[in-house]
Number of protein chains: 2
Amino acid sequence: MKVLIIGGVATGPKVAARLKRLRPDAEITVVEQGEVISYGACGLPLYLGNLVPQLEELMMTNAGLIRDVKYFQEQKGAKFLTATRALKINPKDKTVLVKNLKTSEEKLLPYDYLVLATGAKPFLPPIPGTELGRVYTLHHPQDAQTIRQLLREKKAKHITILGAGLIGIETADALAGPRVKVTMCEALDSVLPKLLDTDMAKLVERQMRSRGVDLRLGCRIEALEGNAEGEVCRVITDQGVIETEAVIIAAGVRPNVELAQEIGLEIGATGAIKVDKNMRTSDPYIFAGGDCAEQIHVLTGKPVYIPLASTANKQGRVIADNIAGRPTEFSTVLGTSVLQAFDLNIGRTGLGEAEAQQLGYDVITSVVSGLDNTHYYPMHDGISLKLIADRTSGKLLGAQVCGQGEGIKRLDVLATALKFNAKLEDLSNLDLGYAPPFATAIDVVIHAVNTLQNKRDGLVPSFNAPEILAELKAGQEYCFVDVREQDEVQANPLPLDDVLNIPLGELRQRWVDIPPNKKVLAVCELGIRSYEAACILKGLGREQIAYLEGGTSTFRAYYDNLTKDI
Amino acid sequence: MKVLIIGGVATGPKVAARLKRLRPDAEITVVEQGEVISYGACGLPLYLGNLVPQLEELMMTNAGLIRDVKYFQEQKGAKFLTATRALKINPKDKTVLVKNLKTSEEKLLPYDYLVLATGAKPFLPPIPGTELGRVYTLHHPQDAQTIRQLLREKKAKHITILGAGLIGIETADALAGPRVKVTMCEALDSVLPKLLDTDMAKLVERQMRSRGVDLRLGCRIEALEGNAEGEVCRVITDQGVIETEAVIIAAGVRPNVELAQEIGLEIGATGAIKVDKNMRTSDPYIFAGGDCAEQIHVLTGKPVYIPLASTANKQGRVIADNIAGRPTEFSTVLGTSVLQAFDLNIGRTGLGEAEAQQLGYDVITSVVSGLDNTHYYPMHDGISLKLIADRTSGKLLGAQVCGQGEGIKRLDVLATALKFNAKLEDLSNLDLGYAPPFATAIDVVIHAVNTLQNKRDGLVPSFNAPEILAELKAGQEYCFVDVREQDEVQANPLPLDDVLNIPLGELRQRWVDIPPNKKVLAVCELGIRSYEAACILKGLGREQIAYLEGGTSTFRAYYDNLTKDI
């Protein structure tokens, strides 16, 4: 059995390795147009930020071996042809015309099965100047090397990043510091627009600005301009001109589908290659996987394009199984995406709030702030967790997390719950591991579930940060009852008019001080004491009581621009 | 509505707080025989180990307030009577006779609903000498304070811990060090017998011994003997006499059910109070929760007694809901238990291997070793993960983890999967968050699932450590083919006869060196390359090939006693 694989980075090597184990008789050839194969592309920002000192580490195994052509030949029994481009597929003859990019030699490679693992390429926005010197993308190890050289040798002091998606944010984190100033331009109104709802994105934005990033949101790029040497030196935007020494374009990627398109393989609405559950394209002898193929979203049943290394690897395994005659399905994706940047752990799984609304769900959300571990354990940090659910059925739809504390594995718990169509009521008593170094007695995941259930049950009304700001903007007046202790208030006062500080312990005595006939919003640090306060006031017969979800921990992200926002 | 709660540590305060929020009109009284209330008992070993400097921190809120009687009165609107013991329940009159332990005053407290949150007490083995001085348990803050005083003021240099359960191990970790020698005696043959299968326990045992703990397994205690001052100075065991300066008994806990028993409430087979799904006892006006009540195991449907602070808190919430007229069920438990000790993260969820066998499952297991994060990310550590499943149906039954890397949240993912009756095939493509600081592209959970699926599918045979040792003991001869690189082998050679070192990359050439007609066991560090090696050899037509599950990373735990074991 001859198996030809086009693409040698993630899916390709995985297909080759698994297939050879299942079918030692298979003759496997992988063609890769680049010089390096099987590299950890997700580590490129770490290399840029010096967390990974040597680029070679991204190509190594755990045991320190470089995953090169020799490695794959000896250890995996698969033949890799690097610097070799696939020019044309001939599905009738079952051959592929390939060209050695060094010798220009062309030849026909026959296959019984063909695997398209052609990956994706960075999207370049259609603006003048992207061809200038010092305009980069961060996609290939060579890109990272070039940018690191620029910083080390040319001592570049200002870099502009176009696009605040996952790669853009990771790159900004890697570069921004005392020596290098980073300006980041994003066309949309919030960072990580594909990952986070705008309220959660605010938390990232605040942190980025506090670390010195010049963040420009809703900023349209008009052109890049160069100096006499043909190197970029200015970014022209609708918010003014940015003088800069280099530009990194991080405007997302597009699937490489040209080879597939030429032979009429079905391309999905996402622009990526359409595959069935077994990762087969519309030609039964051709499979596709990784960044060139689309996936099905578990919650919508609709195709999505979420290119991730984890998906690419899993799909490689599924493809190998199917070629080996072991029918295996790749299950649907949840859109789980995570990153670490600016000391924050950030991620999402499932649907976002707007997405869920568009799909017709009766959306209800809650944002909670909490600690990852018990507060008395020396290592603990805060996280904010947003849950999105269907009010009617109680079905969990999505989750988003942001904070210095451990939130990513909480997201994994929620991803697992989503996979099994969990309802909130299923999750309230989930038997998660508890010990002080790992969690609080009621883990923040369960706290978030309980909070959302309380809200669904209509126990006491609440507002999240954007909702209360919208209320204020609309001219509604509120008395903010800040139930934190004096020292907390002094350290971080609420920058609002009409704030009454009554520590929770005094509320049962001092509630009469709250002006009657005024709407009340109880506020605290995490949203726990203010919830208690709202319950107390409601119990005392007060009406028009609500509390601030997630407390000042999340609301704080709005302070910087509070007057502007209101 | 008058609600009386007996017990003021975990479940009791939780019922009080939640119930008062739901029903501000409720008159809530909590009686607690101790002086302190609502403390984080799970933090006591941390206090012993100086990770928590002040005992008061275990009684504080996030915001730094002490959760004392005044706090609960002011913030939660609940009345706590400390140093007050409930003497007798009168279910007909719906009253409880209580006694103030300071004034000896007795009085009758009426209730509409009564909550038993009487907790548990440490079990004292029936041996002579447990009444001696310097014989402790670690259950109450006062115990921790006394032991810390002993160490600080009396400079005790040798402590014996009886029992290698969760509390015993955490205590050993807190105390063992250059100044204090710890001897630990466990009647059973492995540590953490309620948490870990013996193979996983080996990993903990090795680490404890490497940190200087004198660990005596299968050791029966016959008596404690005292000196002239009536202080313990010797532990008499069937393995000899231990000279010591103090003894900590960590032999588990027993539920406090006397009050319940006296009035004929149903006690379960576990010895704890039987409750229905709503946490009601056999008297509809009396609820019970926390360490005095039994739970139902999700996988067996049978009662279990797994006292945990997390369960106690969740149950408190359920009890409050039901008293408030909001019918709520406490769902079944999975037996999830976790701890951090000797720099290892240790835990389990679901059934153990022996339990699953007893229940009649066709048990299949696999142990994998892997990294928690990508190896090129600066912070990464190893973990060993054991999965237990039903061979026929592929249903996941349980999981156990041990390692310096992050394994506890992986266990949470598997606990969530167990909750939803997951099969292995559901988990192979689980969309978990991937980025280099959080996971490997194929997370170790998924790697474990795939490995177990491969085993179920009969791809290549494998042995885990105890299985291969049993083979050797039975006189089977094996050629161990160590496919690690030379430097790895030199750093950590296999202490076995008949070892042939052929690095994986040379195997396709050098396989002819392997003596024919001999059973072959391929070995590597993690069990990944040796699996590959077994596939290669099988593909080359060799028979009687297997590989070592989990690699030397787990097998190493057997080295210390290898000759003895064989």
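A: In this predicted model, a residue counts as buried if 20 or more other C-beta atoms lie within 10 Å of its own, as exposed if 12 or fewer do, and as partly exposed in between.

Q: Why is A:Q544 called partly exposed?
A: A:Q544 has 14 C-beta neighbours inside 10 Å. Partly exposed is the class between the limits of 12 and 20, and therefore A:Q544 counts as partly exposed. This residue is found in the loop between α16 (529–539) and β30 (545–548) of chain A. Its phi is positive, about 55°, although A:Q544 is not a glycine.

Q: What makes A:S104 exposed?
A: A:S104 has 7 other C-beta atoms within 10 Å. The exposed class takes residues with 12 or fewer, so A:S104 is exposed. A:S104 lies in the loop between β5 and β6 of chain A, and its phi is near 65°, a positive value in a residue other than glycine.

Q: How do you know that β5(A) and β6(A) pair?
A: Pairing requires at least two bridges between two strands. Strand β5 (residues 95–100) of chain A and β6(A) have 5 bridges, in the antiparallel sense; they therefore pair. In β6(A), A:K107 is the bridge partner of A:V98.

Q: What makes β4 and β6 of chain A edge strands?
A: The open sheet has 3 strands in the order β4-β5-β6 (chain A), with antiparallel pairing. Each of β4 (84–90) and β6 (106–110) of chain A pairs on one side only, and these are the edge strands. From one strand to the next, the twist averages 30°.

Q: How do you know that β14(A) and β15(A) pair?
A: Two bridges are the minimum for a pair of strands. β14(A) and strand β15 (residues 240–243) of chain A are linked by 4 bridges in the antiparallel sense, so they pair. A:T237 stands opposite A:G240 in β15(A), and a hairpin joins the two strands through 2 residues.

Q: What joins β13(A) to β14(A)?
A: The two strands form a hairpin with 5 residues between them, and A:G230 in the turn has a positive phi of about 80°. Strand β13 (residues 221–226) of chain A and strand β14 (residues 232–237) of chain A pair in the antiparallel sense over 5 bridges. A:L224 stands opposite A:V235 in β14(A).

Q: Why is the relation of chain B to chain A that of a two-fold axis?
A: A turn of 180° and a shift of 0.0 Å along the axis lay chain B on chain A with an RMSD of 0.0 Å. That is the relation of a two-fold axis. In chain B, the C-alpha nearest the axis belongs to B:V413, 2.4 Å from it. The same surface serves both copies, as 99% of the contact residues of chain B recur in chain A.

Q: Why is A:G505 called partly exposed, and which residues of chain B does A:G505 touch?
A: A:G505 has 18 other C-beta atoms within 10 Å. Partly exposed covers the counts between the limits of 12 and 20, so A:G505 is partly exposed. A:G505 is placed in helix α15 (residues 504–510) of chain A and touches B:Y71, B:E74 and B:Q75. A:G505 and A:I442 are 63 residues apart in sequence and 23 Å apart in space, C-alpha to C-alpha.

How values were computed:
Residues are numbered from 1 along each chain as its sequence is written. Chains are lettered from A and ligands numbered from 1 in the order in which they are written. This is a predicted model: local features need pLDDT of at least 70, side-chain atom pairs count only at pLDDT 80 or more; totals for chains, interfaces and linings use all residues. Copies are superposed by least squares on the C-alpha atoms of residues with pLDDT of at least 70 in both. Two residues are in contact if their C-beta atoms, placed from the backbone, lie within 7 Å. Axes are lines fitted to C-alpha atoms, for helices over the stretch in contact, and angles run from 0 to 180 degrees between N-to-C directions. Lists of a residue's contacts leave out its neighbours within four places in sequence.
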